[in-house]
Amino acid sequence: MDYSKVMLITSAAIFAIGFAGVLLRRNALIIFMSIELMLNAVNLALASISFSLNSLDGQVFVFFVMTVAAAEAAVGLGIIIAIYKNRKTIDLYDLRLLQG
Amino acid sequence: MDWFVYGFAGFSIAAAIMVITRKNPIISALYLCLTLFSLAGLFVMLGAYFIAAVQVLVYAGAIMVLFVFVIMLLNLDPEKLDIKSFHPPKVLSVFSAFLLFGFLAFIFWNNKLTGITGVDTQALVDQNGGHLKVISAKLFTTFLLPFEITSILLLVAIVGAVIMAKRRV
């Protein structure tokens with residue numbers, strides 16, 4: 001019943017997919033979704049190692065990671081909306097200059 | 001029982017690949033929702049029932065709703081959607097992602113997971129009143145300081161989000 005290796009390799013795969021999503025996409029919302037994918041991959045790794053080392057501390061840490069991800073999603077989406085109101089675009093290729 | 005794990009794992013990887021390769025952000029958000037649900041299934045297979053429920057409630061239930069609201073609020077024109085995202089293919093990014101995956105998979109495959117083995121075996125958890133009770137006890141005794149700091153973090157996030165959304169006075 002030891003699924004830890006399969007779960008850890010799944011977690012590595014989802015992390016690498018989120019990483020590729022951050023590098024490859026131009027739309028700021030999809031980059032944000034890829035960051036959430038990376039956070040979820042870390043959650044899965046934490047949960048599977050806590051399962052195989054017989055400790056529930058990993059799962060409490062997953063709880064905190066989810067809380068921080070929720071707070072960060074709220075503030076990040078507020079920033080994206082503010083950028084859209086200002087520049088009328090969220091395409092990163094058009095947002096390369098800092099000046100307004 | 002094995003096929004549940006392989007099924008959920010493969011499904012979550014497939015849905016994650018669909019998240020990063022769609023042109024329409026709403027479709028990406030829906031595939032991300034699917035990824036989160038299959039990850040919740042993987043949490044259940046690990047016996048982590050509490051965080052599976054919290055994942056469905058908080059991540060797939062609140063954060064994804066926030067994403068979908070923002071995507072619909074922004075109301076992007078069709079030509080601004082990411083049409084040219086794969087021409088030309090960005091070879092170096094894909095190669096570095098594969099490299100990262102290979103590195104992590106090599107470590108996870110060949111490592112005997114040694115670490116300080118904790119005491120919370122399944123027998124002890126059942127003896128102490130179930131999974132939720134043991135996690136709640138840990139959350140309010142051992143992890144009390146991170147809990148309180150997280151509540152302050154949420155307050156700061158609320159204030160920040162309200163300020164970001166305010167009209168410029």
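What share of the 169 residues in chain B is buried? In this predicted model, buried residues make up 32% of chain B. The secondary structure of that chain consists of seven helices and zero strands, so that, read from the N terminus onward, its elements simply run α-α-α-α-α-α-α. If we look at the contacts in chain B between residues with a separation of 6 or more, 54% of them join residues that stand 24 or more positions apart.

Chain B also meets chain A, and it helps to begin with the extent of that meeting. The size of an interface is often given as the accessible area lost when the parts come together. Here chain A and chain B bury about 6,900 Å² between them, and 79% of this area lies on carbon and sulfur atoms. The contact draws on 68 residues from chain A and 80 residues from chain B.

We can then ask which specific interactions cross the interface. Between chain A and chain B the count is one salt bridge, and in this salt bridge the side chain of Asp57(A) meets that of Lys138(B), with a distance of 3.1 Å from N to O. Across the interface of the two chains there are also nine residue pairs in polar contact, counted where both residues have a pLDDT of 80 or more. On the side of chain A that touches chain B, at least two residues come from each of the helices α1 (4–24), α2 (28–52) and α3 (57–87). Of these, α3(A) gives the most, with 23 residues. When the residues on this side of chain A are sorted by type, they divide into 46 nonpolar, 15 polar and seven charged.

Helix α3(A) deserves a closer look. This helix has 31 residues and reaches 44 Å from its first C-alpha to its last, which is close to the 45 Å expected at 1.5 Å a residue. The residue that follows α3(A) is Lys88(A), and its phi is positive, near 65°.

Three residues of chain B show how individual positions take part in contacts with chain A. Leu154(B) lies in helix α7, which covers residues 144–165 of chain B. Leaving aside neighbours within four places in sequence, Leu154(B) is in contact with Thr67(A) and Ala71(A). Those two partners can be set beside a simple rule of helix geometry. An α-helix has 3.6 residues a turn, so residues three or four places apart point the same way. Leu154(B) itself counts as partly exposed, because its relative accessibility is 34%.

Ser93(B), by comparison, is found in helix α4, residues 91–110 of chain B. Because its relative accessibility is 13%, Ser93(B) counts as buried. Once its neighbours within four places in sequence are set aside, Ser93(B) is in contact with Leu23(A) and Leu24(A).

The third residue, Thr35(B), sits in helix α2, which spans residues 25–45 of chain B. With a relative accessibility of 1%, Thr35(B) therefore counts as buried. Its side chain reaches the backbone oxygen of Tyr31(B) at 2.9 Å. Not counting residues up to four places away in sequence, Thr35(B) touches Leu37(A) from the other chain, together with Ser12(B), Ala15(B), Ala16(B) and Val19(B).

Note on methods: Residues numbered from 1 in each chain as written. Chains lettered and ligands numbered in written order. Predicted model: local features only at pLDDT ≥ 70, side-chain atom pairs only at ≥ 80, totals over all residues. Heavy atoms only, no water. Contact = heavy atoms within 4.5 Å. Buried area = accessible area lost by both parts, 1.4 Å probe. Salt bridge = Lys/Arg side-chain N within 4 Å of Asp/Glu carboxyl O. Polar contact = N/O pair within 3.5 Å; in protein donor to acceptor, adjacent residues only side chain to side chain. Helix = DSSP H or I, 4+ residues; strand = E, 2+ residues; numbered from the N terminus. Nonpolar A, V, L, I, M, F, W, Y, C, P; charged D, E, K, R; others polar. Expected span 1.5 Å × (residues − 1). Buried < 20%, exposed > 50% of the residue type's maximum accessible area, 1.4 Å probe, protein only.
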